[in-house]
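Opening the notebook on a new structure. I want a quick pass over the fold, then a look inside.

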Amino acid sequence: MHTRPFLYYLSALLITLFLLFVPELFWQDTDSDDDQTLRIMSYSSFLQEEGAGPELSQLFYEQTGIRIKWINAGNAGLLIERLKFKRDSDRPDLIMGFDQFSILEARKSFKFLELRDLNRKLQNPHLPSGSKQSDFLAYDWGPMTFIYRNNEVVAPIQLDDLLKEDYESRLILPDPRMSSPGLQFLLWVIGVKGEDAGFDFLKKLQPSIRVMPPSWSSSYSLFKSTPGTMVFSYLTSPYYHKLEENSEAYKAAAFNDPLPVQVEYAAIPQFCGRCDQAMSFMNFLITPGAQKILMNKNYMYPVALLPEMEKDFPWPEKNSYLDPIETLRLINKKKELINRWKTVFY
Amino acid sequence: MQSLLSMALSLVMGLGGALGLLWLSSCTEKKTFSFLSFLCLLPNFLPPLFVIILSSGLIPFLPHGLWGLVFFHSFINVGLVSLIVYTWILQQALPWWQFSMVAGVSPLRFIIFILLPNLRFHFLSLSFFLLVLYMLSFSIPALIGGSIYGGIEVFIYEKIVTTGNWSQVVPYALGLFVLTLLGSRWLGIDTNMQKWNPPEAALGFKKIAKPWCAFFALGPGVFLMVAVAKNFWSLVLNPDLTFFNLLSLRASLQVSLLTALMTLLVASLLSYSFVKPEWSRWLLAWTHPGWVIMGFSLLLLGPESPFWSLLKNALGLSLLFLPYLYRLTIHRELQELRGQVMVAQIFPVSWFKIYWFVILPAIFPSICAVAILAGWWALGDFALSEILLAPVGVQTLAMEMKNALSTYDQAQALALLTSLWIPGVVLILIFQGMSYVSCRRISSLF
């Protein structure tokens with residue numbers, strides 16, 4: 001007698017599930033056979049509705065008539081691994097989201113088209129030297145420093161200040177093993193102090209470190225929810241709070257020491273199927289329109305000069321950055337430095 | 001070391017919490033106690049990052065490093081451990097306690113000399129479960145432990161990111177898998193439970209049940225509920241926030257329902273293969289080799305389309321959650337059925353009929369409950385989903401939460417977090433309904 005309701009229930013459940021999955025069941029990758037659609041791979045937050053991706057593709061389509069299909073690689077740290085898993089037919093024509101560290105790994109696994117001519121077009125005096133690469137195009141950048149809230153901590157002006165008791169258990173640093181900004185901090189310390197003295201400094205810094213989260217986003221979230229802390233982030237981070245939250249409370253510490261710089265790059269792999277369209281997109285990336293979108297969505301400095309940015313997004317007052325040759329030497333020793341870093345913190 | 005310390009603290013606090021739950025169940029109605037049980041499990045349902053963010057919003061000086069790690073591991077799991085130990089005491093310890101009362105044994109002596117020694121295999125099993133759970137935990141060690149107390153899962157992720165080569169970590173993941181399998185096999189736990197006492201039996205434990213002990217079991221859940229409520233009003237008053245968009249809500253519902261359904265199928269399959277205790281022990285020993293490894297392994301399977309990716313994601317999440325859930329719930333019920341199955345096997349009936357008429361009716365409500373838990377946990381996942389679903393354009397609420405955090409927008413992330421209850425309620429309704437109609441079907445069989 002009661003078997004019937006059970007069967008009704010099962011049928012209703014199966015129909016509900018079927019309806020819920022109708023778009024996925026009848027999904028067809030219509031773009032894959034379209035020769036005109038440019039396939040670009042990037043990380044999740046870049047491609048989300050509020051990210052730069054959707055606006056860039058809209059503007060690019062308006063200017064060139066070329067559509068873009070974004071391939072979401074998920075986490076930026078797994079971009080290269082994701083690329084290795086792609087079948088030849090699914091591989092992207094262009095990749096966005098590399099930084100100084102990942103381009104070295106990328107070059108080991110893949111070959112990329114030359115972009116010297118495009119790089120020559122970047123004539124921004126604010127752009128740190130050493131940002132230009134022969135096969136990668138920088139599209140935004142940002143110096144890195146500590147961010148704090150007004151009236152909660154005294155702003156440090158040199159690295160040694162961080163050893164003071166005032167900063168005990170106040171620093172939130174992304175983990176250099178898993179996060180690019182974390183690695184920037186390690187290179188900063190070593191770049192400023194030298195290798196041996198740098199690691200001595202890190203040993204002494206331990207009481208000041210509160211936590212070392214695995215990513216920049218979790219570091220910044222903890223900073224926002226924990227009063228009295230400072231986070232290692234972008235010099236441009238306070239602009240977000242100013243423009244989006246109308247808050248002047250967030251400040252970037254102005255260090256006397258030269259600052260490290262994080263640069264984001266795009267590249268065209270040699271296996272690209274629509275290489276001409278990819279090159280058009282690269283040209284588009286450094287136009288004022290695209291640069292403005294990147295600046296407003298990523299909260300990073302543009303690589304091109306934008307006259308109207310001075311009001312809300314002024315260029316950094318001081319142009320003292322880590323020596324790019326020294327930085328490159330350190331990046332090449334990344335594995336060795338991380339192993340040594342482990343001996344300090346383990 | 002962090003796993004051992006976290007395990008020890010969770011067990012001690014869990015034992016205290018269980019005594020508190022005994023007191024609560026002896027003086028509350030069944031429905032109230034069900035709500036309190038939900039509060040115990042609340043910290044398990046929230047993504048760890050949010051547990052930390054919400055906690056740090058209320059407590060200015062949270063511990064970090066080793067002690068922070070031990071604190072948060074215990075904070076998140078003490079409710080679960082309390083509920084498990086509470087169930088054991090209720091099931092097994094009533095006659096022991098009655099004899100002890102007659103003999104004039106003090107409550108403390110009863111706990112130390114009677115309860116703990118007699119439940120030693122249960123506690124060994126629970127210890128091993130907690131140890132593996134803490135060893136494989138990623139978010140808490142990565143967020144709170146700093147570099148020093150990273151744990152194995154953090155080490156695996158670090159290797160992938162620093163070497164840029166997934167294949168290099170496969171030996172580590174396999175080694176870990178084999179080690180936990182052997183460890184579990186060596187323990188050879190068979191938590192055979194034949195007795196069951198209804199919740200009213202808690203009245204019998206009046207003397208050892210302590211009201212203040214309930215703080216251990218309920219403290220974290222109540223604390224987080226207050227934190228969520230405090231944030232909720234500030235979020236509602238913020239007109240710039242979007243609580244959800246329909247597409248991500250649908251994706252979350254798909255992930256959650258598919259994971260629950262997959263868990264239901266795998267758990268049914270596991271219970272179907274319940275033939276010998278030896279088999280069961282190996283099944284119990286199974287622990288997953290890590291989230292990231294699981295994600296990249298599943299990338300190799302089948303085509304890359306939204307439907308297949310959703311299926312692979314649900315399979316991965318089921319395989320990640322099921323070992324714990326199976327170990328803690330279904331296994332015990334299967335053990336209880338051993339006698340009935342042996343009697344049924346005397347008659348010339350097929351194994352399928354024994355399964356269909358004896359095993360499945362008895363354990364189906366538990367399987368549904370396990371499916372709900374797995375489905376609910378799946379709602380908060382963004383680690384595996386980001387590997388499998390992001391490339392095919394499927395964005396769940398949890399993935400949007402993570403993206404919001406990546407673009408400074410913590411308020412938006414918290415708004416999305418509060419929306420997770422919508423697919424959660426749909427999930428509960430569907431699977432509780434299934435449990436209900438199946439019980440009616442079963443009762444009609446007799």
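These entries go from one chain as a whole to a single helix and then to a cavity.

**Chain B overall.** I'm working with a predicted model here. I looked up the secondary structure of chain B and got 21 helices and zero strands. Of its 446 residues, 59% are buried. I then checked contacts with a separation of 6 or more: in chain B, 82% of them join residues 24 or more positions apart. The accessible surface of chain B is about 17,700 Å², and carbon and sulfur atoms account for 73% of that.

**Helix α7(B).** I picked this one, residues 120–135 of chain B, for a length check. With 16 residues at 1.5 Å a residue, α7 of chain B should span 22 Å, and its end C-alpha atoms are 22 Å apart, so the two agree. Is the helix mostly covered or not? It is mostly covered, with twelve of the 16 residues in α7(B) buried. Among those buried are Phe123(B), Phe128(B), Phe129(B) and Tyr134(B), along with His122(B) and Ser125(B).

**Cavities.** I counted two cavities of 30 Å³ or more. The second largest has a volume of about 40 Å³. Which residues line the second largest cavity? The lining consists of Pro174(A), Pro176(A), Gly182(A), Phe185(A), Leu186(A), Leu202(A), Met212(A), Trp341(A) and Phe345(A). I sorted that lining by type and found eight nonpolar residues, one polar and no charged. By element, α8 (180–193) and α15 (334–345) of chain A each supply at least two lining residues. α8(A) gives the most, with three.

Definitions and conventions:
Residues numbered from 1 in each chain as written. Chains lettered and ligands numbered in written order. Predicted model: local features only at pLDDT ≥ 70, side-chain atom pairs only at ≥ 80, totals over all residues. Heavy atoms only, no water. Helix = DSSP H or I, 4+ residues; strand = E, 2+ residues; numbered from the N terminus. Buried < 20%, exposed > 50% of the residue type's maximum accessible area, 1.4 Å probe, protein only. Contact = heavy atoms within 4.5 Å. Areas by Shrake-Rupley, 256 points an atom, 1.4 Å probe, with all protein chains shown as cover. Expected span 1.5 Å × (residues − 1). 1 Å grid on protein atoms, 1.4 Å probe; cavity = no way out; pocket = protein on both sides within 12 Å on 5 of 7 lines; lining within 4 Å. Points joined across faces, edges and corners; volume = space filled by probe spheres on them. Nonpolar A, V, L, I, M, F, W, Y, C, P; charged D, E, K, R; others polar.
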